[in-house]
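Hi,

Here is the structure I promised to pass on. Have a look at it first, and then read my notes underneath.

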Amino acid sequence: MTVTRAEVCVVAVAEAFRGDGEILANPIGTIPMIGGRLARATFEPDLCMTDGEAALVANDAATVAAGDRVVEYWNPYRSMFDWVWSGRRHVMMGATQIDRFGNQNLAAVGDYARPRVQLLGYRGAPGNTINDPTSYWVPNHGPKVFVEAVDTVCGIGGDRAAALGEGGRWVEIRRVVTNLAVFDFATPDRRMRLASVHPGVTVDDVVAATGFDLAIGDDTPESRLPTDEELRLIREVIDPEGAREREVPDPG
Amino acid sequence: MTADKTMTPTDVVSRLRSGMTIAIGGWASRRKPMALVRALARSDVTDLTIVTHGGPDLGLLCAAGKVRRAVYAFVSLDTIPLEPHFRAARQSGAIEDEPYDEGLFHLALQAAAWRVPFLPSRAGLGSDLLRDNPKLATFPSPVGGEELVAVPAFELDAALCHLNRADRRGNAMFLGPDIYWDDLMLQAAPTGGRFISTERIVATADLAAEGCIHQLRVSRMMVDGVVEAPGGAHPTLCDPDYPRDEEAQRSYAASARSPEAWAAFRAEWVDVGEDDYQRKVWS
């Protein structure tokens, strides 16, 4: 059975939630949602997850018609802060820009006062990162995303957390998953480290697509492949429509 | 005799003044009080500070030249992730910007509703939000000494929200999955400036039966004026009464492409007046 790049990404996302237990796993995006569901359906069964709207649902499928939802809890937007501020959430956000310490920008590109490109706004990134573990999903890994310095720091990275001292004690940038590779921050100064490259991607490919110096070990492993059971869950239960392949097309 | 607070969109706008700070309910492109927003866009009221979980409310008012300052954590049309009229206003430097974290936005409303000068939070520490919004200050907690962010209360002059059902006195309910921040905005705004539009006005005795009691979250103590405006949230989602009108939203978004496109859209969908607007939408 040929495994696609998107399916490797799904497994890498799932791995980011390993060990989280009974908390709100909040992966945002197509492949993150599928990966989170995979983690819950296999090795992390106690995770709670939203339907993207105002409910926590128990369904394995990533997309469910309203009438087919198995609702565990009414979770209007305002309830999200109860989870975030009490330390019971792990979000996986997107990033228009991210730097070597995991500082993230999704507000505006260019000078903030008069941006070249206005994006969404700060959204919940400052509060998310200061309170809980945070991961990032980047479906289009390139030097415009992985930059030397982000234009506006929305989600704070490890360097800024360290500078805060006590106030930064709950900051943990867990993982960055992209269409090329997986990164963590397991370095003495909390710099981004290449944790694994997806099958078909070389370390040089990743270096060329990254606008700053990565921490790279002597022997970078390949990202793990899905097991047969994981592939079945992804293809038949969680994402039977194949939405994952549209977000990250297989390089072939 | 009990107060009948029903009024027209024109009545609402007649109570708003240039330079005011106005909170607008709903969330992104969901249950926005668009009939009231369109009336505001047609009026001579201008120089507004708009406080919103932003969607086409903020975008339309930017395009109409009504906005001096945007106060928000995000602006989106949901199915169109970025709001093009808001983006154009930001990128041309036409408006002032006051950004928030979503949680801090919540606390600024709550502080206003509770009449305290600020509420504390950890959100914002270490981020550039403290650079880009100088109203947010840090302080050492009087308990334990930890550095925290003080979020000042919003100082609102008015609030505009759209609810699914209401009575003539201002009791109202949402029927979708989420009230968003409507109740808190109405509590944070001063008496005399709190206006709701609604899909349908029903007798008080019939109100609770329209949904379930937990959805009856707007009290007449929070409302000064009620506008019956069926379709008043169009083109935004107003479930369960109607879904988002994606085609109408796409044509609204496309009107940001050029001044000519906006002028044509404005003539056809704003200047026409609400009665003609609704006739065209539902015909």
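In this predicted model, the contact between α1 and α2 of chain A is a good place to start. From α1(A), the residues involved are A6(A), C9(A), V10(A), V13(A) and A14(A). Facing them from α2(A) are I31(A), P32(A), I34(A), G35(A), G36(A), L38(A) and A39(A). Sorted by class, that contact has ten nonpolar and two polar residues, and no charged ones.

As for how the pair is arranged, α1(A) covers residues 5-16 and α2(A) covers residues 30-41. Their axes are 7 Å apart and make an angle of about 60 degrees, which makes α1(A) oblique to α2(A). The crossing of these two helices is right-handed.

Next, where the chains meet. On chain A, 33 residues are in contact with 32 residues of chain B. Three elements of chain A give two or more residues each to the side that touches chain B: α3 (80-85), α4 (125-131) and α5 (158-164). Of these, α4(A) supplies the largest share, with four residues. If you sort this side of chain A by class, you get 19 nonpolar, eight polar and six charged residues.

Over in chain B, have a look at helix α4, residues 84-91. Its buried residues are P84(B), H85(B), F86(B), A89(B) and R90(B). What do the buried residues of α4(B) pack against? Part of the answer is in the other chain, namely β8 (117-118) of chain A. The rest comes from chain B itself: α3 (56-63), β3 (67-72), β4 (96-99) and α9 (246-254). After α4(B) comes G93(B), which has a positive phi near 75 degrees.

Zooming out, the domain assignment splits chain B into domain 1, made of 9-99 + 159-282, and domain 2, made of 117-152. Taken over C-alpha atoms, the centres of domain 1 and domain 2 of chain B are separated by 30 Å.

A few backbone details in chain B are also worth a look when you have it open. Which peptide bonds there are cis? One runs from H234(B) to P235(B), with omega near 10 degrees. Another joins D239(B) and P240(B), with omega at about 5 degrees. P235(B) lies in the loop between β11 (225-228) and α9 of chain B, and P240(B) is found in the loop between β11 and α9 of chain B as well.

Then there are two residues with a positive phi that are not glycines. A28(B) has a phi of about 55 degrees and lies in the loop between β1 (21-24) and α2 (34-42) of chain B. Is A28(B) buried or exposed? It has 26 C-beta neighbours inside 10 Å, and 20 or more are needed to be buried, so A28(B) counts as buried.

Y180(B) also has a positive phi of about 55 degrees. You will find Y180(B) in the loop between β9 (172-173) and α7 (182-188) of chain B. With 23 C-beta neighbours inside 10 Å, Y180(B) counts as buried too.

Cheers

Key. Residues are numbered from 1 along each chain as its sequence is written. Chains are lettered from A and ligands numbered from 1 in the order in which they are written. This is a predicted model: local features need pLDDT of at least 70, side-chain atom pairs count only at pLDDT 80 or more; totals for chains, interfaces and linings use all residues. Two residues are in contact if their C-beta atoms, placed from the backbone, lie within 7 Å. Ala, Val, Leu, Ile, Met, Phe, Trp, Tyr, Cys and Pro count as nonpolar, Asp, Glu, Lys and Arg as charged, and the others, Gly among them, as polar. Axes are lines fitted to C-alpha atoms, for helices over the stretch in contact, and angles run from 0 to 180 degrees between N-to-C directions. Angles under 35 degrees count as roughly parallel, over 145 as roughly antiparallel, 65 to 115 as roughly perpendicular and the rest as oblique. A crossing is left-handed if the near helix is turned anticlockwise from the far one by less than a right angle, and right-handed if clockwise. A residue is buried if 20 or more other C-beta atoms lie within 10 Å of its own, exposed if 12 or fewer, and partly exposed in between; C-beta atoms are placed from the backbone. Domain bounds come from an automatic or database domain assignment.
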